[in-house]
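Colleague: I am new to reading models like this one, and I would like a close look at a single part. Could you start from one loop and then show me how it fits into its surroundings?

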Amino acid sequence: MQNGKRHKIESTLRQQIVKGAFPTGGRLPTRTELERHFHASRVTVQKGLDSLATDGFVQARGKLGTFVSDHPPHLCRYGMVFLNDAEEINGSLFYRALAAEAEKINDDDSPRQVRLYFHSNNHAGAEQDQKVVSDVLAHRVAGLIFTTRCHYWQGSPVLEHPDMPRIAIMEKDEGIPQLPVVEFDGASFMDNAFRSFTERGRRRLALITCSGNYNSYLRSIRRHTRSGPLTTRNHWLHQVSLELPAQARQLVHLLVHENQKERPDALLIGDDNLVDPVVQGILDAGIRVPDDIDVIAHCNFPLLTTCSLPVRHLGYDVRKILDLCIDRIDRQRKGESLKSVTRVSARFEDNGDHR
């Protein structure tokens, strides 16, 4: 009985704070008033307030009373949802960059915080999934940022709760129609790469990328090479498995070694996870960068792959992406209308500050 009353006190006050009946910094009714209103004991009221304080909704200020926090979680704490477990994100430089930028936000003096949620395919995943569900239902997050496709959450409060702002980092046609997205502007990436290769007098383009983005690169290369001056050959365009990086090393060695009758003089690495093996393949072949071949590698700023060759990095600013997601969540919460797609342009590492 007392637990039921405690839950009712906590739930009612939480809803009133979220709806603005008690604004940030505002004073809650006294404990005596709450006891009378809820027909509950002082101990039960205190337990409800303690729970709200643990979640960051209220602060006790001694004899002055209990006040709504200046930065309650439903306004300042953002959830970033990964469909991977915490260990697996280290295998993706993009996910690793996102997690690192979230930690930087958490270390800032800003009231904003980003909480990371992970999914796992093993039995522990059910408990991890329930954590994000419970935080959504308890309004412990201001909004959710999905780092990839989110169909897994259909039918769940994570995707269906009506009061929860959401945004996803992915292409719009991969998503759920009503969900706004922040999307990589692939056209700007390819325009920058082709412009750079052309300005340096390159004419023969090769591609090494992963299977997940191969088709989109292929379509763009076909379009850009249709009218020259860059050309390509089918046997210069390759997709490899990220689980077998030795493939990339061997393919590049085969493509550019000095006994090849016709070698590419421009190489595009379409995924930053492949930079290391590709560089090893170039070193195996013994050719010079950039004298014999120009190399442009995809990256996620500010997380750059380190290599012993003068590879140019072209990619997307992960902190900018994260800031855009947070801004779009804040605007949703204020009732503003959003464009369904926000595109982030690619740039080279020497074009602007990438922190």
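Between which two elements is the loop where P290 lies?

Modeller: Happy to help! Please keep in mind that this is a predicted model. P290 lies in the loop that runs between α11, residues 275-285, and β11. There is something to look for in the backbone here: the peptide bond that joins V289 and P290 is cis, with an omega of about 10 degrees.

Now follow the chain from that loop into β11, which spans residues 294-301. This strand is a handy landmark, as β11 is part of what covers the buried residues of α9 and also part of what covers the buried residues of α5. Let us visit both helices.

Take α9 to begin with. It covers residues 214-225, which makes 12 residues, and reaches 16 Å from its first C-alpha to its last. That is close to the 16 Å expected at 1.5 Å a residue. Its buried residues are Y214, Y217, L218, S220, I221, H224 and T225. Besides β11, the cover over them includes α8 (186-199), β8 (204-210), β9 (231-240) and β10 (266-269).

If you walk on from α9 towards β9, you pass through the loop that holds P229. Here is another cis peptide bond to find, this one joining G228 and P229, with omega at about 5 degrees. Beyond that loop, T231 has its place in strand β9. T231 counts as partly exposed because its relative accessibility is 34%, and partly exposed residues are those between the 20% and 50% cut-offs. Leaving out residues up to four places away in sequence, T231 touches R203, R204, L205, T225 and W236. One of these, T225, is also among the buried residues of α9. For a sense of distance across the model, T231 and V344 are 113 residues apart in sequence, and their C-alpha atoms are 28 Å apart in space.

Now come back to β11 and turn to α5, residues 93-107. At 1.5 Å a residue, its 15 residues should span 21 Å, and the end C-alpha atoms are indeed 21 Å apart, so the two values agree. The buried residues of α5 are L93, F94, Y95, A97, L98, A99, E101, A102, I105 and N106. Together with β11, what covers them includes β3 (77-82), β4 (113-118), β6, β7 and α12 (318-333).

Two of those strands lead to another loop worth a look. M170 sits in the loop between β6 (166-169) and β7 (181-184). With a relative accessible area of 6%, M170 is buried, since buried means under 20%. R149 is 21 residues away from M170 in sequence, yet the two C-alpha atoms are 6.8 Å apart in space.

Loops can be buried or exposed, and two histidines show this nicely. H39 is in the loop between α2 (31-38) and α3 (42-55), while H139 is in the loop between α6 (124-137) and β5 (143-146). Each has a positive phi without being a glycine: near 55 degrees for H39 and about 60 degrees for H139. Their surroundings are another matter. H39 counts as exposed because its relative accessibility is 64%, whereas H139 counts as buried because its value is 4%.

One more loop residue, S69, joins the buried group at a relative accessible area of 5%. Its loop runs between β2 (66-68) and α4 (73-76). Setting aside neighbours within four places in sequence, S69 is in contact with T24, G25, G56, F57, V58 and Q59.

Finally, step back to the whole chain, which has 12 helices and 14 strands. Its radius of gyration is 26 Å, well over the 20 Å that the globule rule gives for 355 residues, so the chain is more spread out than a compact globule. The C-alpha atoms fill a box of roughly 90 × 40 × 35 Å along the principal axes. Of the 355 residues, 50% count as buried. Among contacts with a separation of 6 or more, 67% come from residues 24 or more positions apart.

Methods:
Residues numbered from 1 in each chain as written. Predicted model: local features only at pLDDT ≥ 70, side-chain atom pairs only at ≥ 80, totals over all residues. Heavy atoms only, no water. Helix = DSSP H or I, 4+ residues; strand = E, 2+ residues; numbered from the N terminus. Rg over C-alpha atoms; globule rule 2.2 N^0.38 Å. Buried < 20%, exposed > 50% of the residue type's maximum accessible area, 1.4 Å probe, protein only. Contact = heavy atoms within 4.5 Å. Expected span 1.5 Å × (residues − 1).
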